[in-house]
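Me: I've got a structure open and I'd like to learn how to read its contacts. Can you walk me through them?

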Amino acid sequence: MNAIVAPAAGSGRREVIFHASGVTRVYRMGEVTIQALRGVDLEVYAGELVVMLGASGSGKSTLLNIMGGLDTATAGEVRYRDQDLAQASERVLTTFRRDHVGFVFQFYNLIASLTARENVAIVTDIARDPMPPEEALALVGLEDRMDHFPSQLSGGEQQRVAIARAIAKQPAVLLCDEPTGALDSQTGIRVLEVLAHINERLNTTVAIITHNAVIGEMADRVIHLRDGRVDSIVENPQRADPATLRW
Amino acid sequence: MRTLHLKVLRDLARLRGQAAAIALVIASGVLTLVFSVMGHDALSLTQERFYAERHFADVFAEVNRAPRRIADPLREIPGVAEVEPRVRAPARLELDGFDDPIRGQVLSLPDGRQPALNQLHLREGRLPERARSDEVVVSDGFAEAHGLVAGDALRLIIGGRLVEVRVSGIALSPEFIYQVSPGHLMPDYERYAILWMNESALAAAYGMEGAFNSLSVSLQRDADREAVIDALDAALARYGGTGAHGRDELFSHEFVTLEIQQLGMMAVVVPAIFLLVSAFLLHVVMGRIIRGQRDQIAILKAFGYGNLAIAWHYVLLTALIVLAGSIAGIALGAWTAFALVDLYMEYFRFPELSFRLQGWLVLLALGVAMVAALLGTLQAVWQAVRMQPAEAMRPPAPERFGRGWLEGSALMRGLGQSSRIILRNLARHRLKSLASVIGIGLSGGLLLIGAYQLQAVSHMIDQQYRMTLQMDVDVAFTDPVPPRVAGELRHEPGVLAVETWRSAPVRLHAGARSERIGLLGMDPEPRLRRLPSAQVGETGLPTAGVVLTDYLADQLGLEAGDALEIEFLEGRRRTVTTQLAGVVDEPMGTGAYIRRDALHRLKGEGPAVTGTWLLVDSEYEEALYDSLFDRPEVASVERVREAEANVREYMEETVLVFAAVFVLLAGSIAFAVTYNNARIAYAERERELATLEVLGYSRAQVSWVLLGEIALVSLAAIPVAWASGTGFAWLLNQALTLEFVRLPFVITPQLYGFAALGIIMASTLSGLLILRRLRGLDRVQALKAAE
Ligand SMILES: Nc1ncnc2c1ncn2[C@@H]1O[C@H](COP(=O)(O)OP(=O)(O)OP(=O)(O)O)[C@@H](O)[C@H]1O
Ligand SMILES: [Mg+2]
């Protein structure tokens, strides 16, 4: 194991919300097998904001999906608090996703036949303690576009709808796969501010995948992935305010 | 959940073209079911009610003349409930302002009241008054044809005596729902009438005082009908009884019942085929639509919607489409069934129609459509929810192309790039392509059976009237006459050829089975009435033995060479044994044929004829017709070409309406399926097509990628249509083989052409619609949408 695991200062105080050890994920496509994850060991603490960096194909999305219960590990151990996710049944995973996790997908994945507001509502409809869809959309600056369909929105706007959708249910965990990928830096920062705000105000644990190393400055910890493994974890002594980031 | 319901409506709006096409398929399937079952049910219910209300008799017997007093003791026969003796007299009618001869039969009514059996349903007026001998009730078809109303005057000639009468009422009778003069197939309301008058009056006119010549009998609930018939025969034989028979041998009942049975068979077979095909199509199409929503299912799952909630969402979507289609199908089915039955009303004289939409039918229609559509839906949903949401959400990975046999083939190398894309697409989605081919093929098969019905009926009529019946005029005598009398007709102006025949009522027995029929004695080599068969066709009738319609031989369980017993029901009532010399293949009716001399021998009588066939110069036909009618010995004259025209008209108005409805529906289904197929192919290829355009392909090349695929699938579907259509037609043919009509199983090249043309037209139309869509293809939009 070549990962330099730098234990967070005072980690003893902090509650582990995700625990992963020896996680592998193999995709089988006919004859070919692809090792997306090759043994990931990782702990994520409650209330922290982590940023995941790594080359394309290094396994970031795969790991995030497994943490969020969208995918299951081929081998290894994955726990959310006390709950085993590696062996969990489909039904348990569904409940887990519904009750605890907010997702922002790399490809937005909005429902084309629903407006922005309805795309958010479809999640708040089944959430335990959601904020009104309008409020979530206002947080991402889309209060004027609520009744537009995805096809009437730009890529960045669609991404912001996706973020509103993820935060509206006020989840315990927010998993974001390249939430700013399609945004100009100004809008990107605005979105990051929303994520940081949610993290601070609601004590939501936030994981952000990005290719943009600058974003790492706003994190508690930056996790580097390489070739399906955790390459290094760097702890920021001081989290930067997203407003101060420049790229 | 509210938003999810909203999504159902939004999806419906977005898929409206496809949803409408699917609803059309459902509506067509349901329509055929409701149309056939309701039409059949309405007729049979109407018949049943009319019979029950008017006390339709179970058994009938005709005698020469029996004293009235023997009627009462017949009630003592075990199983007999009611006995109604009456007088039946042939008559001629004269009506001011109508020159053609009119024939009819007059039946007696107990003076001034309804009989116990076969009561009249008075549509207008009243029964003859008790003491009056100059009042008659006339059949409503005749009254309608001549615009008769109560009070109108008629002249009757009964037994050579002129009787002046007035119409007291217009009525329908359960005995004469289908009114044809003896020996005819189709009604002629202008020239044939049924009349009822007081018994005392009729008996006086016909010389039947204190006697009867016709008997109606009703049976007790669990009576043994055959035993009653035997007992009646025994009691009536010495009065010239020609054999009692059940109502099933009464022409009106037989014809109406067979028609109803035939409708009943159609009501099972045709909707079964239609529903099965629609079910298959629904399954395929719904499945494909849902598979197109794979990513949306993944999103819902990712946010914590359970599989059940997701399945329910799509079930709702499907159910709405099915419901819309079913309701349309049920409404249109009921409406067309009503129209069909209304057509029958012109031929079948019922007092009123009983029409109902049965609950089970609605449930069945809805159930079949729902199950079929939901199976397709749930199967696709199941496939989608089984995937890890992470996987399902990824934009579809560039699909892998195998280097199959297709790749290296000369075919591939010879084609342009766009054509190669088409072939690869088809080869890659083998199952999907196959389902499309089968789906379109089946809809083409439906087209084929629709057209098959049209053609088979017309082919059958051709066979009967062009191949078998060669005469122009068929004359029947009231009583057997010496051959000389018929010979005289040879000298009438316009008569080109004469062939005589002798018909004798018999009962054929083969083991336990028996059948009442008129045994037709003909010339050794009849030329005016052919016997279509390999065995008899060339050489004429065998010197000894009987030839039967193959269907009748089957019914009796006989094969050529088998022994056969003939019981004559007139004259000396002999029973003789002969053999089945051969069978003839006739599509309509049943017949038993024998050489006339052999018939005389078996019957033990001298030469006599009961009718003659004439070949006539058409110029003289009209005049000849009138003069024949004026001959006292002539009972009926049928002009065969006219009969053919009537039969054709009847068939066109009934069977062909049925078939036309099916062709129309099959056409809609074919269109709906090809359109859906094209539409889905378009949706699946939208990105690819846009990409090709961006890469510099021309619109025409891009269009070809899509249209070429549609065209290829449609062409491949044509043989499937032929095969399935032939199978369907065979099924239908089996189902429709009833006593009266046996449709010949002939599939002509035209039928194949018709099915192929139908598919090509449906595909062309769909292609054009897709082309319009393709023109509006927004490259940017198509590429942007990441779903
Ligand atoms: N469903 C799948 N089937 C096959 N291979 C897959 C699948 N999903 C991911 N992979 C492969 O697994 C590896 C890791 O993929 P993953 O999406 O996790 O990378 P990533 O770090 O998110 O990359 P990017 O930054 O480009 O999004 C890649 O090589 C990818 O091709
Ligand atoms: Mg990724």
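Reply: Sure, let's start with a salt bridge: a side-chain nitrogen of Lys or Arg within 4 Å of a carboxyl oxygen of Asp or Glu. Here the side chains of Lys301(B) and Glu90(A) form one, at 2.6 Å from N to O. Keep in mind that this is a predicted model, where local features need pLDDT of at least 70, side-chain atom pairs count only at pLDDT 80 or more, and totals for chains, interfaces and linings use all residues. Residues are numbered from 1 along each chain as its sequence is written, chains are lettered from A and ligands numbered from 1 in the order in which they are written, and side-chain values use heavy atoms, with hydrogens and water left out.

Me: How many salt bridges are there between chain A and chain B?

Reply: The count is 2. As for contact (heavy atoms within 4.5 Å), chain A puts in 30 residues and chain B 29 residues.

Me: Where does ligand 1 lie?

Reply: Between chains A and B. For a ligand, look at the residues near it, meaning those with a heavy atom within 4 Å. Ligand 1 has 17 of them around it, and Ser56(A), Gly57(A), Lys60(A), Ser61(A) and Thr62(A) come nearest.

Me: Which polar side-chain atom lies 2.7 Å from an oxygen atom of ligand 1?

Reply: One belonging to Ser61(A). In the side chain of Ser56(A), an N or O atom is 2.6 Å from a ligand 1 oxygen.

How values were computed:
Polar contact = N/O pair within 3.5 Å; in protein donor to acceptor, adjacent residues only side chain to side chain.
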